[in-house]
Amino acid sequence: MMLAAGIASFNPRLLAAPTGLISKKIPSSNEPLPVIGMGSWQTFDVGNDEFALPVRLNILKTFFNMGGAIIDSSPMYGNSEKVIGYCLESLKNKQALFSATKVWVHGQWMGKQQMKQSRYLWGVENFDLMQIHNLLDWQVHLPTLKEWKKQGKIRYIGVTTSHGRRHTELERILQKESLDFVQFTYNIIDREVEQRLLPLAAELGIAVIINRPFQGGRLFNYVKNKKLPSWTKEFDCENWAQFFLKFIVSHPQVTCAIPATSQVAHMQENMGACYGRLPDAKMRQQMIEYFG
Ligand SMILES: NC(=O)c1ccc[n+]([C@@H]2O[C@H](COP(=O)([O-])OP(=O)(O)OC[C@H]3O[C@@H](n4cnc5c(N)ncnc54)[C@H](OP(=O)(O)O)[C@@H]3O)[C@@H](O)[C@H]2O)c1
């Protein structure tokens with residue numbers, strides 16, 4: 001496993017990282033990234049809601065205070081990018097931000113306009129990571145992403161999918177194109193990517209972002225009113241969220257997971273998975289068997 005907890009000192013982004021924060025390296029650059037990031041589908045699509053906005057601000061404040069860096073969004077997520085931009089503008093503790101969004105539109109010109117609009121909405125000069133959302137018009141957008149990367153307008157490029165969709169096509173793209181990141185779904189009850197995509201990404205040196213780490217929240221229904229088994233103490237697990245997240249990020253080929261939440265208390269639980277021990281291979285097997 002490419003853990004990088006001890007090497008934060010060479011990276012200005014992580015200079016102020018809390019002690020003990022678990023990070024992994026992005027293979028194409030060796031830059032460390034904390035293993036838990038934040039997704040923003042639905043949870044940050046709150047428009048101008050005067051009650052919801054301060055909560056989102058606190059969620060992001062907590063995220064950065066606990067060592068968070070990567071925030072994932074998309075023009076597909078309604079007002080989420082605008083709300084992220086609003087929060088970032090007000091926050092003082094955002095030095096570690098690793099901005100990741102997506103292009104999600106047909107056509108080269110439209111793609112460029114959309115990416116410029118995203119920069120404006122987030123209030124960032126350049127994105128750290130630009131991904132092609134659900135592979136939409138990827139043949140058209142990839143040359144733009146490569147060009148923008150060359151020009152220094154984007155640091156990393158990638159593609160996404162979810163719900164197990166279009167994995168065969170994704171495999172072909174990973175093999176043919178030179179990408180820094182890939183994003184897809186993986187969690188304790190959806191483990192198909194263990195067979196081909198995760199080993200392939202490792203072989204090709206591509207960083208892996210995991211979406212839907214809680215299966216859209218449904219994993220919590222399986223454990224309602226269930227106490228954590230005592231053996232979970234062996235990997236410093238304090239709640240079910242950490243059980244699910246530590247299962248994912250302990251996979252040697254996963255770089256980070258991006259759970260989404262609309263609650264500060266949940267952000268605290270989720271970021272807690274960035275600390276303490278991770279389950280080893282034997283313990284991971286026990287976790288799988290527990291879920292039958
Ligand atoms: N194709 C793509 O590119 C693609 C597709 C899907 C997703 N994504 C990205 O991946 C992110 C994550 O996926 P997702 O949002 O679909 O699902 P998810 O992160 O698996 O689940 C989110 C749900 O889990 C709940 N939750 C979060 N933390 C919790 C905790 N500690 N305890 C109990 N419940 C908790 C949230 O409810 P509360 O709000 O109550 O906490 C929310 O309902 C997205 O937001 C998006 O950024 C990308």
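A polar contact is a pair of N or O atoms within 3.5 Å. The legends below apply this term to a predicted model.

**View 1. Serine 262 and the ligand.** An N or O atom in the side chain of serine 262 is 2.5 Å from an oxygen atom of the ligand. This pair is a polar contact because its separation of 2.5 Å falls within 3.5 Å. On its own, the ligand has 900 Å² of accessible area, and the protein covers 87% of this area.

**View 2. Threonine 261 and glycine 216 beside the ligand.** Threonine 261 places a polar side-chain atom 2.6 Å from an oxygen atom of the ligand. For glycine 216, a backbone N or O atom is involved instead, and it lies 3.0 Å from an oxygen atom of the ligand.

**View 3. The shell around the ligand.** The ligand is surrounded by 30 residues, and those that come nearest are Asp72, Asn134, Thr261, Ser262 and His266. By class, the shell consists of 17 polar, nine nonpolar and four charged residues. Helix 9, which spans residues 264–272, gives the most to this shell, with three residues.

**View 4. The largest pocket.** The ligand sits in the largest pocket. This pocket holds about 740 Å³ of space. Its lining is made up of 34 residues; Trp41, Arg212, Gly216, Gly217 and Ala260 are the ones that lie nearest the centre of the pocket. The lining comprises 19 polar, 10 nonpolar and five charged residues. Helix 9 supplies three residues, the largest share of the lining of the largest pocket.

How values were computed: Residues numbered from 1 in each chain as written. Predicted model: local features only at pLDDT ≥ 70, side-chain atom pairs only at ≥ 80, totals over all residues. Heavy atoms only, no water. Near = heavy atom within 4 Å. Polar contact = N/O pair within 3.5 Å; in protein donor to acceptor, adjacent residues only side chain to side chain. Areas by Shrake-Rupley, 256 points an atom, 1.4 Å probe, with all protein chains shown as cover. 1 Å grid on protein atoms, 1.4 Å probe; cavity = no way out; pocket = protein on both sides within 12 Å on 5 of 7 lines; lining within 4 Å. Sits in = over half its atoms within 2 Å of the grid points. Helix = DSSP H or I, 4+ residues; strand = E, 2+ residues; numbered from the N terminus. Nonpolar A, V, L, I, M, F, W, Y, C, P; charged D, E, K, R; others polar. Points joined across faces, edges and corners; volume = space filled by probe spheres on them.
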